[in-house]
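Reader: I would like a close look at a single part of this model, starting with the kinds of residue found there and then moving outwards to what surrounds it. Please explain the terms as you go.

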Amino acid sequence: MVARLVVAAPSSGSGKTTVATGLMAAFAARGLRVSPHKVGPDYIDPGYHALATGRPGRNLDAYLCGTDLVAPLFAHGASGCDVAVVEGVMGMYDGASGQGELASTAQISKLLRAPVVLVVDASSQSRSVAALVHGFASWDPEVRIGGVILNKVGSERHEELLREALDASGVPVLGALRRAKQVRTPSRHLGLVPVAERRADALEAVAALAEQVRVGCDLDAVLALARSAPELGVAAWEPGGGPAAEGPSSSARPVVAVASGAAFTFSYAEHAELLAAAGAEVVPFDPLRDERLPDGTRGLVIGGGFPEVYAPELSGNEPLRKAVAELALSGAPVAAECAGLLYLSRSLDGQPMCGVLDAEARMSERLTLGYREAVAVSDSSLAAVGTRMRGHEFHRTVIEPGAGAAPAWGMHLPERRVEGFVQQGVHASYLHTHWAADPGMAKRFVERCAG
């Protein structure tokens, strides 16, 4: 059994990331093996979680992967750990639009049978905090709020008033964090700046969060709450488990190059694990620095990230752009999501890219954000026609045209449309998917690489 807790809040901006990351780092500093998790499709917070714990930050998304996979994926990530900290998303009861509790922090806490620490922004209230906590604690009797951490507390007197008000609520106060100059975690158009772009500063920020939480919270009480979680009673997910991920019959392990570095930071840890379990040799490379693909590359995976921030540098690496174009032209499997889609286009904000796709990309004023239901409308290296997947879009760019002669996906939400490009071995789309929901995608991709 892994001790575990979920860090939730009444709304976004209450301080979940501060508390969750601080708890992870503070527990790790005590010598505990800490497993970090994030509710939802967020790619950036898990990078900070990984810095705090020394383990991959993993996502738990009931919409993308289905409710049945949440606990097994958690158990896989938390294997061998002493305690797991799960950072929630949005307000505790907020989930996929129009679908009740689906993908909410509350639902994840129930699926994990984990107690909840509620982080409350107390900056503009005193006695009212008790009504707020009472409402959240009583809304769903299956959600167990085991404690409150008060954030942005103004003074000792303010803390006294808050604690007095909460005495009658039955929910213990596990900590109070003073109003302080924000730990430096800069943001831009899609949220926090990823760790890969500011590692030294990010390490300092995580250390500061750990100290803030150590001073302001009763870590022993928080750990005792985590240890009160009951047995989870599920088998851990295994990337090589079941017939869908047996790998190619050949003894050779095809090299699958995976884009990494500051421009391509959005990926799920399970994707590399699935590729390896399916028989691939997974080799990371950095399109900002490496002028050629890894030796023996037979397939290419380019995930999400911020190519728009690094368009001049990516464009300036002409040898790699040519190598990517030649690989795609050879018919080798190429899976590109969002940032990868932009990198394969003719240009991005006027800067030449790889030219694999006959399309132009540019920044826009509009944020495209949300869960999607999709069906594969063209046979590709990732999916057979008719394959149904749930995915997520998150970008401030547009690509014209939005779909090729053979589109990748037909979307059902929020409106019916086709999207993406399938040509030769290339599958390129804005849609982020979680391959654990269908391990056959990784198996199919690796088989095409080995074939």
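Author: By class, the second largest pocket is lined by 25 nonpolar, twelve polar and four charged residues, where nonpolar means Ala, Val, Leu, Ile, Met, Phe, Trp, Tyr, Cys and Pro, charged means Asp, Glu, Lys and Arg, and polar means the others, Gly among them. The model is predicted, so local features need pLDDT of at least 70 and side-chain atom pairs count only at pLDDT 80 or more, while totals for chains, interfaces and linings use all residues. Residues are numbered from 1 along each chain as its sequence is written, and side-chain values use heavy atoms, with hydrogens and water left out.

The lining comes to 41 residues, and those nearest the pocket's centre are Thr-265, Phe-266, Ser-267, Tyr-268 and Ala-269. The volume of this pocket is about 900 Å³. (On a 1 Å grid over the protein atoms alone, a pocket is an open set of points for a 1.4 Å probe with protein on both sides within 12 Å along at least five of seven lines, and lining residues have an atom within 4 Å of a point; volume is the space filled by probe spheres set on points joined across faces, edges and corners.) Two or more lining residues come from each of helix H2, strand S3, strand S10 (255-259), helix H10 (269-277), strand S11 (281-285), strand S12 (297-302) and strand S13 (334-337); these elements are DSSP runs numbered from the N terminus, H or I of at least four residues for helices and E of at least two for strands.

Two of these elements, H2 and S3, lead to a sheet. Seven strands make up this open, parallel sheet, in the order S3-S2-S4-S1-S5-S6-S7, two strands being paired if DSSP finds at least two bridges between them. S3 (58-60) is an edge strand, as is S7 (173-178), and each pairs on one side only. On average, neighbouring strands are turned by 25° against each other, direction ignored. Helix H2 (residues 45-53) packs on the sheet, where it touches S2 (34-39), S3 and S4 (83-87), and its direction makes about 170° with that of S2; contact means heavy atoms within 4.5 Å, and angles run from 0 to 180 degrees between the N-to-C directions of axes fitted to C-alpha atoms, for helices over the stretch in contact.

Towards the other edge, S6 (residues 145-153) pairs with S7 in the parallel sense over four bridges, and Val-148 has Val-173 in S7 as its bridge partner. Helix H6 (residues 128-139) lies across S5 (116-121) and S6, and runs at about 145° to S5.
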